[in-house]
Amino acid sequence: MLPDKHGHFGIFGGKYMPETLMGALTELEKVYRLALRDKAFLKELDHYLKNYAGRPTPLYFADRLSRVLGRGRVYLKREDLLHTGAHKINNTLGQALIALRMNKKRIVAETGAGQHGVATATVCALLGLDCFVYMGSKDIERQALNVYRMKLLGATVVPVTCGSQTLKDAMSEAIRDWVTNVKTTNYILGSVGGPHPYPAMVRDFQSCIGKEAKRQALSFENKLPDYLMACVGGGSNAIGLFYPFFADKKVKFIGVEAAGEGLDTGHHSATLVRGRTGVLHGSKSKLLQDESGQVKIAHSIAPGLDYPGVGPEHAYYQAIGRAEYFAVSDKEALDGFNLLSKVEGIIPALESAHAIAYLKKLAPRLKKNSVVIVCLSGRGDKDINSVKDLL
Amino acid sequence: MNRIDSKFKELRAAGKKAFMPFLTAGYPSLPMTGKLILEFEKRGADVIELGIPFSDPIADGPVIQQSSYEAIKNGTTLKKVFGLVRRLREETQIPLAAMTYFNLILNYGPTRFIKDALAAGFDGVIIPDLPPEEEGEFSKEARKKGLKVILFMAPTTSRERAGFIARRAEGFIYFVSLTGVTGARRELPRELGFQLRAAKKAAGDIAVCAGFGVSTPQQVKAISAFCDGVIVGSAIVKKISESIDASDPVKAVGDFMARLKG
């Protein structure tokens, strides 16, 4: 079983957290484990996923895209069609219901692109919880629309001005808030990073992506897919798609990171491709760091990928050879963004556009009938402003 | 005997409490850190905590975050801090504990870290993001070689867990005096005295010292009554930043420390 009872995925994972939070992490783990076995909890979660968020999402056969690529049969798992516009809500619904079970009415969260912040603010409005979202001031600037959405939803957006003023620092500040208010507050973490039990819990809440995709692929193609592809920042949409196929050894997993301005420029977020083993924000995983162990500032055109760490389960999949990870540049991601918009009428989030961009590179290696599922983790409305000057 | 252990033995025999100031190594510069350590010893510090700056100090408030940021910008690295401590050991035998986050140790190589920290003259290491559950090999090796790994207890630590921590503790136990990050607070929690008594009971023979939020001589005195020592960090680092342009910054910060100790 992964992770083991201490939250380790091989050498990765764990609970590298201040003592003040150790009790809260143990409690959170206990409540979440019980919840996953509680029919009433699962029924309630299922109700919200179906009737509020819009699950199941379609597995759409991208016929024109497949023809443009020339090889393979490409399916898009349409998480972009969910309420709030991305896969993030699968997880925030689950974690907010967990917070209610712990009787914690104050919620903190971190956000980069704003998608997780919006998804958290949304479920807090739905369930009557107080919501504080930490967001780097740089991200506040480039994602003004999402900031406004969070405010409309009744959340307080707290600007983070320390360090790189992006996701990494927002996460540090959210943890500091949690350390301070742990008795009343639950931390809703948006990705598969952080201390145990977050990587396992977020994965479990995102696994609906892969479970549905498996059922849908079997019904459309009468076989399992050959490839699964997803973008990887922290890695939650990717793990959500991959994990239910873990034992299906013939299904290849490909994670696509952000090469930013280029892997050799130092301005990228390709943690698995270029990072070294390290500890940040509660878990051991791959990490972008300089030679003395200081965490580097990540870069990507896609703010949701702009993080120097990555979920420990991905580092483990990479180490055991279960998944492969590659990186595509800002420019390639923009091409992917453009391509999907033009040939399928779907404007993807810049994050998801990285997976589309890698698909172009993979295509020549595909067989004619290879079935590829790409997780379209979010829609691109939020990126229109930053993209319009670049395309 | 390890310098931390002999210091607590000596203090206990004299019926005294430990005063432990914290400094961010390399803030405002490494030579200044060296001068401050010698000044602090002269002014009655019992143990000094030397923070080795990390880019993402999740347990620290704004003052230590800022000093860490400046120190890293100045080029402070683990290696250079070891160099400073090695030079200082020619002049002082004050117990020194390194305080840093685990990534710097992992990046340096845990075995190499233990060896070089001891060779430089460190007596212990305090790692706020390393609970006793993780990196058992590192702690085992440090214990074997004689580098004290200082463990934490917090107001949120259950009685059962306090026992678990106490069984693994050495040097002293760092009791986090409030649920939060480092940084001065006007008032400390009313339950602190009660919590410290419980921590002392769990700790048995090991000294318990309290830190986080402590910033005035009154607080130092009040807390000392319930435990074996007090740690002051942010208030001192703030004083350093305010004294950078003073005619004699070392004396200004030394005076401040002496007043805190009382």
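The exercises below work through a parallel sheet and the aromatic contacts of a predicted model.

Residues are numbered from 1 along each chain as its sequence is written, and chains are lettered from A in the order in which they are written. Local features need pLDDT of at least 70, and side-chain atom pairs count only at pLDDT 80 or more, with side-chain values using heavy atoms and leaving out hydrogens and water.

**Exercise 1. Find the strand order and the edge strands of the open four-stranded sheet in chain A.**

Step 1. Fix the terms. Strands are DSSP runs (E, at least two residues), numbered from the N terminus. Two strands pair if DSSP finds at least two bridges between them.

Step 2. Read the order. The sheet runs 7-6-5-8 in chain A, and its pairing is parallel.

Step 3. Pick the edges. Strand 7 (156-160) and strand 8 (185-187) of chain A each pair on one side only.

Step 4. Add the twist. Neighbouring strands are turned by 25° against each other on average, direction ignored. The angles are taken between axes, lines fitted to C-alpha atoms; in general they run from 0 to 180 degrees between N-to-C directions.

**Exercise 2. Describe how strand 5 of chain A pairs with strand 8 of chain A.**

Step 1. Strand 5 covers residues 106-111. Its pairing with strand 8 is parallel, over three bridges.

Step 2. Locate a facing pair. Ile107(A) stands opposite Asn186(A) of strand 8.

**Exercise 3. Characterise the ring contacts of Tyr317(A) with Phe246(A) and Phe253(A).**

Step 1. Set the cut-offs. Rings of Phe, Tyr and Trp (its six-membered ring) pair if their centres lie within 6.5 Å; planes under 30 degrees apart count as stacked, over 60 as edge-to-face and the rest as tilted.

Step 2. Take Phe246(A). Its ring and that of Tyr317(A) are 5.2 Å apart, centre to centre, with 35° between the planes: a tilted pair. The two residues are 71 residues apart.

Step 3. Take Phe253(A). Its ring centre lies 6.1 Å from that of Tyr317(A) and the planes are at 40°, so this pair is tilted. Phe253(A) is in strand 10 and Tyr317(A) in helix 13, 64 residues apart.

Step 4. Check burial (buried: under 20% relative accessible area; exposed: over 50%; partly exposed: in between; 1.4 Å probe, protein chains only). Tyr317(A) is buried at 0%. Phe253(A) is buried at 2%. Phe246(A) is partly exposed at 21%.

**Exercise 4. Which charged residue lies over the face of Phe253(A)?**

Step 1. Apply the test: NZ of Lys or CZ of Arg within 6 Å of the ring centre and within 35 degrees of the ring normal.

Step 2. Arg322(A) lies over Phe253(A), 3.8 Å from the ring centre.
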